[in-house]
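Biologist: Please take a close look at one part of this protein for me, the strand-to-strand loops with odd backbone angles, and tell me how they sit against the rest.

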Amino acid sequence: NRAYDSTGSTLQIRGNVTFFEGGLTEGKADVRANISLPNTQDRLKLIVQRGLEAGTETAAERDIRTAVETTQAPAPAAAQDRNYYLGLKALVAEVFGVTLSAEGGAKFGQPVDPYVRLRAFRDFVFSQWAIRLSETPLWKRSEGSSAASEIGMLRPLNDEWQLRLTSKATWRSTTNYFDLAQ
C-alpha cells in the first residue's frame, strides 16, 4: 500500500546502485515520510516526499520511472520532479463514503515553490473486487495546475497472489493534454 494512503506514521527509504564497466558506480536514494502528529487522531500529518506527483503515481508509473532512472533512457512522459517537498496534510471530512483531504507545503531549497493538493477518494466492494475511485487536483506556483483521475481494481487470486488493474489520466496545464497510464 502506498504511504500516501496509509494510516499512522510511515517512513520509506528506497535506493539503487548501478554498476558500469570500468568500475564506475552510481547510486540514488529516495526518502518518503508520512508522520501522524500527536493528539490529532490521525487527522493531521507531516509529509516529506520527493516529487509531488509521486504521491499519486500508479505502480506501473513508478516501475517506468525506476527503469528510466536506472537506465538513464529518455522519459516516455512528462519530466519527473525529483525535488524534496515538506507539507502538512489534513483529513478534512468523510461525506457519503468519500474521503476528502487537503495538503499544502513547499519545495525544499531556493526558490521556495509552494503547492496545494486536494484529494477525494471512495472505496467500493463488488463481489471479490475492491475498487477505488480517486481525484487529485494539484497546484504548484512553478508549474500551474494538474489533476489526476484514477480507478484501481484489486482482486485476490489466492492467499499469495492478487490481480491489480489501475487506469489513470493526468491533465497538466503546462502541456494542456492528458497523460494516460494503464
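**Two loops and a nonpolar patch**

Modeller: Let's start with S127, which is exposed, with a relative accessible area of 64%; for such labels, buried means under 20% relative accessible area, exposed over 50%, and partly exposed in between, using a 1.4 Å probe and protein chains only. Before going on, some ground rules: this is a predicted model, so local features need pLDDT of at least 70, side-chain atom pairs count only at pLDDT 80 or more, and totals for chains, interfaces and linings use all residues. Residues are numbered from 1 along each chain as its sequence is written, and side-chain values use heavy atoms, with hydrogens and water left out.

Back to S127: the loop holding it runs between β6 (114-126) and β7 (129-140). Helices (H or I, at least four residues) and strands (E, at least two) are DSSP runs, numbered from the N terminus. S127 isn't a glycine, yet its phi is positive, about 55°.

F96 does a similar trick: a positive phi of about 50°, again on a non-glycine. You'll find F96 in the loop between β4 and β5 (98-107), and it is exposed, at 76% relative accessible area. V95 belongs to strand β4 (residues 84-95) and is partly exposed, with 37% relative accessible area.

V95 and F96 also turn up in a nonpolar surface patch, with V92 and L100 as partners and about 390 Å² of accessible area together. Patches take residues with over 30% relative accessible area and no salt bridge, joining like charges within 9 Å and nonpolar side chains (Val, Leu, Ile, Met, Phe, Trp, Tyr) within 5 Å. A salt bridge here is a side-chain nitrogen of Lys or Arg within 4 Å of a carboxyl oxygen of Asp or Glu. The areas come from Shrake-Rupley with a 1.4 Å probe, and for residues only the protein chains shown count as cover.

Zooming out, the protein has 1 helix and 10 strands, in the order β-β-β-α-β-β-β-β-β-β-β from the N terminus. Of its 182 residues, 31% are buried.

How far to trust all this? Average pLDDT (the predictor's confidence in each residue, from 0 to 100) is 81, and 80% of the residues score at least 70. Residues 73-78 stay under 50, with 7 contacts beyond four places in sequence, where a contact means heavy atoms within 4.5 Å. Residues 1-6 also stay under 50, with 19 such contacts.
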